[in-house]
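Let's go through the cysteines and the core of this protein, one question at a time.

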Amino acid sequence: MGKGSARALGLALAVLLACSGVAVVTAQDTERIEGSAGDVLEDNPVGRLKVYVYDLPSKYNKKLLKKDPRCLNHMFAAEIFMHRFLLSSAVRTFNPEEADWFYTPVYTTCDLTPSGLPLPFKSPRMMRSAIQLIATNWPYWNRSEGADHFFVTPHDFGACFHYQEEKAIGRGILPLLQRATLVQTFGQKNHVCLKDGSITIPPFAPPQKMQTHLIPPDTPRSIFVYFRGLFYDTGNDPEGGYYARGARASVWENFKNNPLFDISTDHPPTYYEDMQRSVFCLCPLGWAPWSPRLVEAVVFGCIPVIIADDIVLPFADAIPWEDIGVFVAEEDVPRLDSILTSIPTDVILRKQRLLANPSMKQAMLFPQPAQPGDAFHQILNGLARKLPHGDNVFLKPGEKVLNWTAGPPGDLKPW
């Protein structure tokens, strides 16, 4: 072992020793987020906005779910649970004339392959069909062309409706959604598939399942760096280098034999427990910048190491990601060991105290039933902060902005 490696190992051991008693820090050791961010995270949206939920035919939502219940359990399920939440939420109004926002419940990720992945090819036609329906049967879409409407679009690349970035960019956001507010898991700065004003949310991770895997909070964090997942996707990227822009491959090639790194493609039954025994959890991009690992890391108090250049993280105006996580540029992955071992122990301990704050964990989850401060409420807070609507929301009589015939020819076919 070289001097550099020995020093890094020594620093890591010192960190593990210091962290051994703060795996999921006890309540008296948590730290509240300072300043306005902490206040925003704990905001109560009730009384600040009213939402009208369109009553669509079941073919747009419930019938799809009945056909394939797997939609309830995949990482795109936020669109289903947001619909369920709003149906019984205190912000719901049955009088559309008093609504601040209009919600159209369309389950665009519920057309699944045998392996459980969403097929996006019908999604644009389904969305267009739903918009045509509400524009025909209600007057509210036409008065703003969707500027006071919001849609949950949890595809890999949001309302670009494709799982491959190059093709998603080529498609662009569905033209009819250009004025609407999009609530989506995809977030990357200066990207075609993220429009201004979008609300970036966490992917769905099953709260009840994670709850059953909690271990005693005083369990030592004996793993320095943890990751389970693909490093290569030979099926879709046979030549390599395109998947995760090479970042995951670089993690494996540089650190597969490093004693500080517990990394593998295996997904053991102790996966959740292992995250609670780890100081750092890698959250690299895959085909898209986001994944459920970010949610899991926050919930289990493992410091997320975010490797995804220009990512826009969930609820970035409420969650202080710089304070709780570590950001590593994709080109710096080969130096990951030295970057992490150089972080002072007191900085690591503060990140853990912040992560232990219950409000931080709650904001990343879609629990059933909903709870104060959860992801549902953070979405509503984001919508409330956009009020009152500006003068540019409502169109003048006879004014048209959107082009109903724009987009790829395949999207214009009936659904």
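A disulfide here is a pair of cysteine sulfur atoms within 2.5 Å. Keep in mind that this is a predicted model.

Q: How far apart are the sulfur atoms of cysteine 71 and cysteine 110?
A: The two cysteines form a disulfide, and with 110° about the S-S bond the link is right-handed. The pair links distant parts of the chain, 39 residues apart. As for the sulfur atoms of cysteine 71 and cysteine 110, they sit at 1.9 Å.

Q: Is the link of cysteine 160 and cysteine 193 right-handed or left-handed?
A: Their sulfur atoms are 2.2 Å apart, and they form a disulfide. Cysteine 160 lies in the loop between β3 and α7, cysteine 193 in the loop between β4 and β5, so the pair ties together parts 33 residues apart in sequence. The angle about the S-S bond is -110°, which makes the link left-handed.

Q: Why is there no bond from cysteine 283 to cysteine 281?
A: Cysteine 281 is joined to cysteine 302 by a disulfide, S to S 2.1 Å. Cysteine 283 is buried, at 6% relative accessible area. Its closest cysteine sulfur is in cysteine 281, but that is too far for a bond because the distance is 6.7 Å.

Q: Which helix gives the largest nonpolar core its largest share?
A: This core has 85 residues, and Val51, Leu86 and Phe280 have the most contacts inside it. Leucine 86 is in contact with residues including Val51, Phe150 and Leu380. The largest share of the core, 6 residues, comes from residues 375-384, helix α16.

Definitions and conventions. Residues numbered from 1 in each chain as written. Predicted model: local features only at pLDDT ≥ 70, side-chain atom pairs only at ≥ 80, totals over all residues. Heavy atoms only, no water. Core = buried A, V, L, I, M, F, W, Y, C linked by side-chain atoms within 4.5 Å. Buried < 20%, exposed > 50% of the residue type's maximum accessible area, 1.4 Å probe, protein only. Helix = DSSP H or I, 4+ residues; strand = E, 2+ residues; numbered from the N terminus. Contact = heavy atoms within 4.5 Å. Lists of a residue's contacts leave out its neighbours within four places in sequence.
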